[in-house]
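Here is a short briefing to read alongside the sequence and the 3D view. Have a look around first, and then follow the points below.

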Amino acid sequence: MGPRIVCLDLDCFFVSVERLLDPSLEGKQVVVGAAPGKRGVVTAVSYEARPLGVRSGMAISEAVRLAPDAVYLPPRHGVYSPYAKRVRTVLERFTPDVQTASIDEFFLDFRGTERLWHRPGDVDADATVLRVVWAMREAIQAEVGLPASAGLGTNRKIAKMASNVAKPAGVFMVGAGEEAAFLAPRPVRSFPGIGPATEARLQEAGVRTLGELLSRSDLRGRRVAESVRRASSGAREEGLGRDRPAFFEHDPKGETVGSISNERTFHADVGDRARVEAQLRALAERVCWRARKRGVRARTITVKVRTSDFHTVQRSRSGEATAGEREVFRVVLELLPRAWVHRRPVRLVGVQLSNFEGPGPQLALPLPSGRASIGTALDAVRARFGYDAVRLGAVGRSRWQGEGSTPGEAAGPPSDGAGVSARRDRRSR
DNA sequence: TCTGGGGTCCTAGGACCC
DNA sequence: TCTGGGGTCCTAGGACCC
């Protein structure tokens, strides 16, 4: 069978959505990411800014140096995910087998659909699928207004790499049997699953391209080498694997997720324990709220501390499943001294929930004591007006545009839920 | 020019049980 | 008194992806 696995990737997705909402951004250099002058990185960058060297993942300060005249925007995930959902709806018209890999990336399986889509003019089944994938790309552009690229291959690795070749706004197919020739000249780093660490190790071994990697019998048995070998052989996949629905959190019904975490980098490193605890309290509150929204309770709670030297320590504990912020925060406070082992100031703190169980019946019942969890009482308000409509204690917002408070910083002392502040999020519709 | 925030998967050692 | 493996869970860290 020919290449029937498709990787569909939205081109600089966040920038494209921002342009839909503000057409004046069309044709300009646009960078979505952290605020210029603050800590953070580039999340998405328009094609106009790429010749200047701006890349996603680089420090925002570096981006400003390279592209001082670009338009800088904060990421707005809540705004983007409905668009991703609309894209998925379009994709499902073409094949029922759609896997959401990330907010801007989907895999599709067209095996068995050739007969359905066949037209008299198609020279063969490959031509049929290629034509249909082009039509799918056009449909996304026409109906959602977003540019997309697609790669076709015999497996997901090849399809993913093909979609990178297709960008922007194109389609690229790697025929069955052409995989090895397609891979051979490309740098090892271009293969999905080979990152900077593996690239460095391979370079040390004198391997730069995927062709060189495949020719080296001494690397056989190494996991990455086997992964490349499998892809290169044109190995078929049984199925796309499990869907990854975590990207559509606003629609939580029945979705499984492995972990829920929130973390925050301080604008400036913090040595004061009370401020670290205040931030952890806010994070614990947020992850618990998200867990309750999904109807899950966590058996494992993890605290993460990154100090000024960028050294990161995580400490976790498993026990009775919970999604209550009092219990979670209590465990967080117990774990904190073990995670913050060095005396260095703290750069980042995080709270993670994992090892989930379904909701216990008590979550749905009225609170017996009235003070067991203020969180559940606030959930209804937040369901209507958004998370930031009600806040326990005063904690800065993550939006950097036009905000007075420092992003991610605890702006006040930890309160015990007494100082509840309520306000309408001025951004909510 | 310092390095975000949300995830997943893999590895490896130790505890504990059979 | 000495000595097995296998399975599963927990914990911690690392690599990678978008």
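A polar contact is a pair of N or O atoms within 3.5 Å; within protein, one of them must be able to donate a hydrogen and the other to accept it. Keep that in mind for the pair Thr154 and Glu179, whose side chains are joined by a polar contact of 2.7 Å. Please remember too that this is a predicted model.

**The chain as a whole**
- Chain A has 13 helices and 14 strands.
- Of its 429 residues, 47% count as buried.
- Among contacts in chain A between residues at least 6 apart in sequence, those joining residues at least 24 apart make up 66%.
- The exposed area of chain A is about 20,600 Å², and 52% of that comes from carbon and sulfur atoms.

**Around DNA strand C**
- DNA strand C is surrounded by 21 residues, and the closest are Asp104, Gly193, Thr198, Arg299 and Ser318.
- Of the DNA strand C atoms that come within 4 Å of the protein, 100% belong to sugar and phosphate.
- Ser318 has a side-chain N or O atom 2.4 Å from a phosphate oxygen of DNA strand C.
- Gly195 uses its backbone instead: one of its backbone N or O atoms is 2.8 Å from a phosphate oxygen of the strand.
- For Arg338, a polar side-chain atom sits 3.4 Å from a phosphate oxygen of DNA strand C.
- Two elements, helix 8 (196–204) and strand 11 (312–322), give two or more residues to the surface near DNA strand C.
- Strand 11 gives the most, with five residues.
- By type, the residues of this surface are five nonpolar, eight polar and eight charged.

**Thr154 and its surroundings**
- Thr154 lies in the loop between strand 7 (148–153) and helix 6 (156–166).
- Is Thr154 buried or exposed? Its relative accessibility is 3%, so Thr154 counts as buried, the cut-off for buried being under 20%.
- Beyond its neighbours within four places in sequence, Thr154 is in contact with several residues, including Met1, Gly2, Pro3 and Ile5, as well as Gly234, Ala235 and Arg236.
- Glu179, its polar partner, is also one of these contacts.

**Helix 11**
- Helix 11 covers residues 273–294, and its 22 residues reach 32 Å from the first C-alpha to the last, close to the 32 Å expected at 1.5 Å a residue.
- This helix is mostly covered, with 16 of its 22 residues buried.
- Gly295, just after helix 11, takes a positive phi of about 75°.

Note on methods. Residues numbered from 1 in each chain as written. Chains lettered and ligands numbered in written order. Predicted model: local features only at pLDDT ≥ 70, side-chain atom pairs only at ≥ 80, totals over all residues. Heavy atoms only, no water. Near = heavy atom within 4 Å. Helix = DSSP H or I, 4+ residues; strand = E, 2+ residues; numbered from the N terminus. Nonpolar A, V, L, I, M, F, W, Y, C, P; charged D, E, K, R; others polar. Expected span 1.5 Å × (residues − 1). Buried < 20%, exposed > 50% of the residue type's maximum accessible area, 1.4 Å probe, protein only. Contact = heavy atoms within 4.5 Å. Areas by Shrake-Rupley, 256 points an atom, 1.4 Å probe, with all protein chains shown as cover.
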